[in-house]
Amino acid sequence: MDLKQLLGESVTVIIDRPLGTTHPNHNDIIYPVNYGYIENIFACDGEEQDAYILGVDEKLNIFKGTVIAIIHRNDDVEDKLVVAPNNMKFTSKEIMEKVNFQEQYFNTEIIMYNI
């Protein structure tokens, strides 16, 4: 699937790494945002599509919001979605600041949804 088709769309994210938890393989990475996946949408790595949740400062189990950006990894097979509460906006700089804890290890660019 071309992820650009999801920009501006409402999605439901199942949270498997809630805010404040540690990465399952890297103990030095702590999630300052909720992170999860979208069921039945598959990424290039064969797993369900991952998504960062921005704009919510509490641990979540599930979240419904709008896809506001795609984090395209130039040096990896998997891109990430950025999902936020409806009508909440972030600049590309704000997005990168919030996801840098993990994206700092990749050569990334942000594809924004233009309303």
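Me: Is R73 buried or exposed, and what is its relative accessible area?
Reply: Welcome! This is a predicted model, in which local features need pLDDT of at least 70, side-chain atom pairs count only at pLDDT 80 or more, and totals for chains, interfaces and linings use all residues. Residues are numbered from 1 along each chain as its sequence is written, and side-chain values use heavy atoms, leaving out hydrogens and water. Buried means under 20% relative accessible area, exposed over 50%, and partly exposed in between (1.4 Å probe, protein chains only), so R73 is buried, with a relative accessible area of 4%.

Me: How many helices and strands does the protein have, and what pattern do they follow?
Reply: Helices (H or I, at least four residues) and strands (E, at least two) are DSSP runs, numbered from the N terminus. The protein has one helix and six strands. Along the sequence they come in the pattern β-β-β-β-β-α-β.

Me: Why is the protein called as compact as a globular protein of its length, and what is its radius of gyration?
Reply: The radius of gyration is taken over C-alpha atoms, and the globule rule is 2.2 Å times the number of residues to the power 0.38. For 115 residues that rule gives 13 Å, and the protein comes close to this value, so it is as compact as a globular protein of that length. Its C-alpha atoms fill a box of roughly 35 × 30 × 30 Å along the principal axes. The radius of gyration of the protein is 13 Å.

Me: Which strand holds R73, and which residues does R73 touch?
Reply: R73 belongs to strand β4, residues 62-73. Contact means heavy atoms within 4.5 Å. Leaving out residues up to four places away in sequence, R73 touches Y52, E78, D79, K80, Q102, E103, F106, N107 and T108.

Me: How many salt bridges does the structure hold?
Reply: A salt bridge is a side-chain nitrogen of Lys or Arg within 4 Å of a carboxyl oxygen of Asp or Glu. One of them joins the side chains of D76 and R73 (3.0 Å, N to O); D76 is partly exposed, at 31% relative accessibility. The structure's total is four.

Me: Which residue forms a salt bridge with R73 at 2.7 Å?
Reply: The partner sits in helix α1 while R73 is in strand β4, so to speak of distant parts of the chain is fair: the two are 30 residues apart. Both residues of the pair are buried. The closest N and O atoms are 2.7 Å apart, and the partner of R73 is E103.

Me: Which residue does K80 meet in a salt bridge at 2.8 Å?
Reply: K80 is buried at 3% relative accessible area, and its partner D50 also counts as buried, at 13%. K80 lies in strand β5 and D50 in strand β3, so the pair ties together parts that are 30 residues apart in sequence. The closest N and O atoms are 2.8 Å apart, and the residue that K80 meets is D50.

Me: Which residues touch the most other members of the largest nonpolar core?
Reply: A nonpolar core is a set of buried Ala, Val, Leu, Ile, Met, Phe, Trp, Tyr and Cys residues joined through side-chain atoms within 4.5 Å. The largest one has 17 residues, and those touching the most other members are V13, I53, F63, V67, L81 and V83.

Me: Which elements give two or more residues to this core?
Reply: One core member, I53, is in contact with V13, I15, V33, N34, L60, F63 and V83, leaving aside neighbours within four places in sequence. Apart from this core lies another, of 15 residues, including I29, A84, I95 and V99. The elements that give two or more residues to the largest core are β1 (10-17), β2 (34-42), β3 (48-53), β4 and β5 (80-84).

Me: What is the phi of N87?
Reply: Most residues other than glycine have a negative phi. N40, in strand β2, has a positive phi near 65 degrees and is exposed at 64% relative accessibility. N87 lies in the loop between β5 and α1 (92-103) and is exposed too, with a relative accessible area of 78%. The phi of N87 is also positive, near 70 degrees.

Me: What share of the 115 residues is buried?
Reply: Among contacts between residues at least 6 apart in sequence, 58% join residues at least 24 apart. Buried residues make up a share of 43%.
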